[in-house]
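Here is a short tour to read with the structure open beside you. Take each section at your own pace and turn the view as you go.

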Amino acid sequence: MYQRNNSLTSKPRSESPELKLRLISAAVGLPLLGLTLFFGFWPVSVVAIAVAAVVGLETQQLAFGKSKSVAPKGSAALVGAFIAGLGVFGAALGELKIDYSSADTAERIVVVILVVLVAEFLITSRFARYQAISRRKLIISYGIIVVLAVTLLPFIVSSDGGHELLAYGILVMFAADSGAYFVGRSIGRRRMAPNVSPGKTWEGFAGGLVAAVVASLLLSNLLSLDFSIVKIVVIGLVIAALGVVGDLTESWVKRLADVKDSGGIIPGHGGILDRLDALAPIFVFIYFIV
């Protein structure tokens with residue numbers, strides 16, 4: 001989330017073209033995001049399945065590298081797409097007013113599995129000795145957690161006010177990310193987690209919190225969200241904090257895999273997991289708000 005290649009002293013020469021690539025990717029990605037949210041349930045569902053498939057590919061690559069002793073990469077994509085597809089099918093039953101009870105059951109199953117996997121991930125990461133098998137288990141668990149977080153998107157947009165809240169959460173996170181980036185580059189000195197992500201600083205984190213609160217106040221008014229001022233401020237702070245947690249977690253997982261980026265599918269942004277690191281916990285948080 002807070003740029004991994006930030007320097008605490010001077011700006012590297014290579015950062016300018018990388019920043020341009022990031023801006024180009026954002027210029028393409030943000031309108032696509034807006035169109036997807038505007039047109040509703042089905043575009044979001046298609047995007048969720050496609051993203052889950054790519055997450056499956058990247059997770060297998062992180063866990064096994066180029067090992068030929070595992071199943072073909074296409075199988076990992078199919079698993080990711082299948083998991084998201086089951087969620088979309090369950091959400092569609094409610095969206096089409098076919099079977100609300102089955103839709104609710106599918107929703108509960110996704111949430112329960114997600115909670116169990118998060119608990120398992122936290123326990124394993126605390127006590128494992130990080131041998132090859134435990135590293136792979138952690139990486140695979142992380143990938144499935146992200147897939148399940150993405151699978152919540154159809155359930156969010158099929159709920160009353162879900163479109164607005166999802167757009168609100170994503171935009172607040174973007175604001176926090178931008179605030180952290182520029183403040184961290186300008187005055188960042190005290191590193192947050194030097195062993196995991198050396199570029200993140202406490203000054204950048206503070207800048208992200210301020211930007212998130214400001215964006216939360218503005219967007220809640222723009223989208224006419226029925227929240228009190230206190231709740232709006234708290235939500236902004238939580239989104240910023242969750243973004244940091246998600247980013248640090250993905251950075252740690254990539255260290256387990258000994259890679260810099262999860263992939264190269266998005267110019268200037270790395271892989272899909274590199275972009276979902278902060279967004280995945282936001283999806284879960286917005287789901288519970290909805």
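## Overall layout

Of the contacts in the protein between residues at least 6 apart in sequence, 74% join residues at least 24 apart. Please keep in mind as you read that this is a predicted model.

The protein has nine helices and two strands. If you walk along the sequence, you will meet them in the pattern α-α-α-α-α-α-β-β-α-α-α. Of the 290 residues in the protein, 47% are buried. On the outside, the protein exposes about 14,500 Å², and 68% of that is supplied by carbon and sulfur atoms.

## The largest nonpolar core

Which residues touch the most other members of the largest nonpolar core? They are Val55, Leu166, Tyr168, Leu276 and Phe283, out of 65 residues in this core. The elements that give two or more residues to the core are α2 (41-64), α3 (73-95), α4 (100-127), α5 (132-157), α6 (162-187), α7 (202-222), α8 (229-257) and α9 (272-289). With 14 residues, α5 gives the most.

Val55 is a good place to zoom in. Not counting residues up to four places away in sequence, Val55 touches Gly143, Val146 and Val147, as well as Ile272, Leu273 and Leu276. Leu276 is, like Val55, among the core residues that touch the most other members.

## The second largest pocket

Next, have a look at the open space in the model. Rolling a probe the size of a water molecule over the atoms shows where empty space is left. The second largest pocket has a volume of about 480 Å³. Its lining holds 21 residues, and those closest to the pocket centre are Val118, Ile145, Val245, Thr249 and Pro281.

Which helices each supply at least two residues of this lining? They are α4, α5, α8 and α9. By class, the lining has 17 nonpolar residues, three polar ones and one charged one.

## Where α6 meets Gly204

Two residues of helix α6 are worth selecting together: Gly179 is found in this helix, and Tyr181 lies there as well. Is Gly179 buried or exposed? Its relative accessible area is 14%, which is under 20%, so Gly179 counts as buried. Tyr181 is buried too, with a relative accessible area of 7%.

Both residues can be paired with Gly204. The C-alpha atoms of Gly179 and Gly204 are separated by 7.2 Å, while the two residues are 25 apart along the chain. Tyr181 and Gly204 are 23 residues apart in sequence, with 6.3 Å between their C-alpha atoms. Leaving aside neighbours within four places in sequence, Gly179 is in contact with Gly204, Gly207, Gly208 and Ala211.

## Loops between the helices

Two loop residues stand out by their backbone angles. Lys97, in the loop between α3 and α4, has a phi near 60°, a positive value in a residue other than glycine. Ser224, in the loop between α7 and α8, is not a glycine either, yet has a positive phi of about 55°. How accessible are they? Lys97 has 61% relative accessibility, which is over 50%, so Lys97 counts as exposed. Ser224 is also exposed, at 61% relative accessibility.

Asp160 has its place in the loop between α5 and α6. With a relative accessible area of 77%, Asp160 is exposed. What lies 130 residues away from Asp160 in sequence but 7.8 Å away in space, C-alpha to C-alpha? The partner is Val290.

## Gly263 and its contacts

Finally, turn to the loop between α8 and α9, where Gly263 is found. The relative accessibility of Gly263 is 27%, a value between the 20% and 50% cut-offs, so this residue counts as partly exposed.

Gly263 and Val54 are 209 residues apart in sequence, and their C-alpha atoms are 9.5 Å apart in space. Once residues up to four places away in sequence are left out, Gly263 touches Glu58, Gly270, Gly271 and Asp274.

Terms used. Residues are numbered from 1 along each chain as its sequence is written. This is a predicted model: local features need pLDDT of at least 70, side-chain atom pairs count only at pLDDT 80 or more; totals for chains, interfaces and linings use all residues. Side-chain values use heavy atoms; hydrogens and water are left out. A nonpolar core is a set of buried Ala, Val, Leu, Ile, Met, Phe, Trp, Tyr and Cys residues joined through side-chain atoms within 4.5 Å. Buried means under 20% relative accessible area, exposed over 50%, partly exposed in between (1.4 Å probe, protein chains only). Helices (H or I, at least four residues) and strands (E, at least two) are DSSP runs, numbered from the N terminus. Contact means heavy atoms within 4.5 Å. On a 1 Å grid over the protein atoms alone, a cavity is a set of points where a 1.4 Å probe fits but cannot get out, and a pocket is an open set with protein on both sides within 12 Å along at least five of seven lines; lining residues have an atom within 4 Å of a point. Grid points are joined across faces, edges and corners, and a volume is the space filled by probe spheres set on the points. Ala, Val, Leu, Ile, Met, Phe, Trp, Tyr, Cys and Pro count as nonpolar, Asp, Glu, Lys and Arg as charged, and the others, Gly among them, as polar. Accessible areas come from the Shrake-Rupley method with a 1.4 Å probe; for residues, only the protein chains shown count as cover.
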